Amino acid sequence: MNRDPSNQLDRSLILVGCGNMGYALLRGWVESSSINPTHVHVVEPDLSLRERAASLGVITHDRCETLPADADLIVIALKPQVVDRELPYYRRYSQSATFVSIAAGVTCQRLIRLVDSTRVARAMPNTPTAIGMGSTIIFCDSAEGMFPMERVVWLFKAGGAVHQVAKEELIDAATAISGSGPAYVFYLIECLADAALKLGLPATIARALAKETVHGSAALAFSSNDAPGELRRQVTSPNGTTEAGLRVLASDDGLSSLILRTTRAAFERSLELALSKLDS
C-alpha cells in the first residue's frame, strides 16, 4: 500500500458522520499511517463523538459550513434515515470530489440525485476495520475513467481486505454477511461465555475461553489451506464430545438454518431501506 498521502490526496478528505462505523474507518486510516490526520475533516454534530474523533488528530466540525472549499474524497457515514436531509449540503463539492457512501440501502441513483454528481460509489465495511482486520465491499457504476477507483480502494485497504462487485444488489448481500456479521460473531462469543458459566466455569475464564476460541479458530482458518469443513472434521473424533455437540448444531433447525434466516433478514432489511426512498 502507498503510505504517502501526498500521492493520493491533493486536497482534503471529508468524513460525514462519525458514529461507530465512521469512527472505525477513521481509526483504521489514522492508526495504519495511511493518511495524514490533518488532511481529514470530520463533520459530527454530537459533541462526545466529535471529541472522540478529535483525539485521533483530525480536524472536526459540528456543521458543514466550516469545511474547506475543496475536497478530494467525501465519505458518507450517516444513518440511512438522514441522508436525504444532510447530503444536499454537500452539492458544492459535486465538481471536485468523489462521494463514497457506507449508508446501508442507499442506492447509487439516490446518491447521484442528492449530491448532483455521478462520481459516486457504495461501500460496506465492517467494524474490524478499526484494527486493520476489516472487510469492505465496493460497488461503482460510473463510466470508465470517471471514477478514481484506485484511490478509493487504497483508502479502504487501510482497514483490511477490499472486494469489488459488479452488481449493486451484491452490496445488500455483503451487508448481511460482512457488514452485520461482526455482531453475529460477538453474539456467538456471548453465548459461548454464557454456556461456560452455566457449566460451572468462573466468569473471567468463561469470557477468556469464548474469545480465545473464536479468535484462534478464525486465525487457523486463515492460515490453513484446508476448507472450513475439513478443519471441522479434524476436530471431530468419532463418537467424541465434539461430535455430540455438532449433532445439535447440524440438526434441521440448527446453526445452518439459523444463520440462513439471520442473514436473509438482514438482507431483506437492506432492500427495504433502499425501497423506502425510491427515486421519483
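Asn239 counts as exposed, at 67% relative accessibility, where exposed means over 50% relative accessible area, buried under 20%, and partly exposed in between, with a 1.4 Å probe and protein chains only. Its place is in the loop between helix H9 (228-235) and helix H10 (241-249), helices (H or I, at least four residues) and strands (E, at least two) being DSSP runs numbered from the N terminus. Phi of Asn239 is near 60°, a positive value in a residue other than glycine. Most residues other than glycine have a negative phi.

Before I go on, this is a predicted model, in which local features need pLDDT of at least 70, side-chain atom pairs count only at pLDDT 80 or more, and totals for chains, interfaces and linings use all residues. Residues are numbered from 1 along each chain as its sequence is written, and side-chain values use heavy atoms, with hydrogens and water left out.

Asp116 also has a positive phi, of about 60°, although it is not a glycine; Asp116 lies in the loop between helix H4 (108-115) and E6, and is exposed with a relative accessible area of 52%.

Turning to the chain as a whole, there are eleven helices and eight strands, and buried residues make up 41% of its 280 residues. Along the principal axes, the C-alpha atoms fill a box of roughly 70 × 40 × 35 Å.

Next, the interior. The largest nonpolar core has 32 residues, and those with the most contacts inside it include Leu15, Trp29, Ile138 and Phe156; such a core is a set of buried Ala, Val, Leu, Ile, Met, Phe, Trp, Tyr and Cys residues joined through side-chain atoms within 4.5 Å. Among the elements that give two or more residues to this core are strand E1 (13-16), H1 and helix H5 (149-157), and H5 gives the most, with six residues.

One contact deserves mention: the charged end of Arg52 sits over the ring of Tyr23, 4.1 Å from its centre, the criterion being NZ of Lys or CZ of Arg within 6 Å of the ring centre and within 35 degrees of the ring normal.

What, finally, is the class make-up of the lining of the second largest pocket? The lining has 19 nonpolar, nine polar and seven charged residues, with Ala, Val, Leu, Ile, Met, Phe, Trp, Tyr, Cys and Pro counted as nonpolar, Asp, Glu, Lys and Arg as charged, and the others, Gly among them, as polar. H1 gives the most to that lining, with three residues. A pocket here is an open set of points on a 1 Å grid over the protein atoms alone, where a 1.4 Å probe fits, with protein on both sides within 12 Å along at least five of seven lines, and lining residues have an atom within 4 Å of a point.
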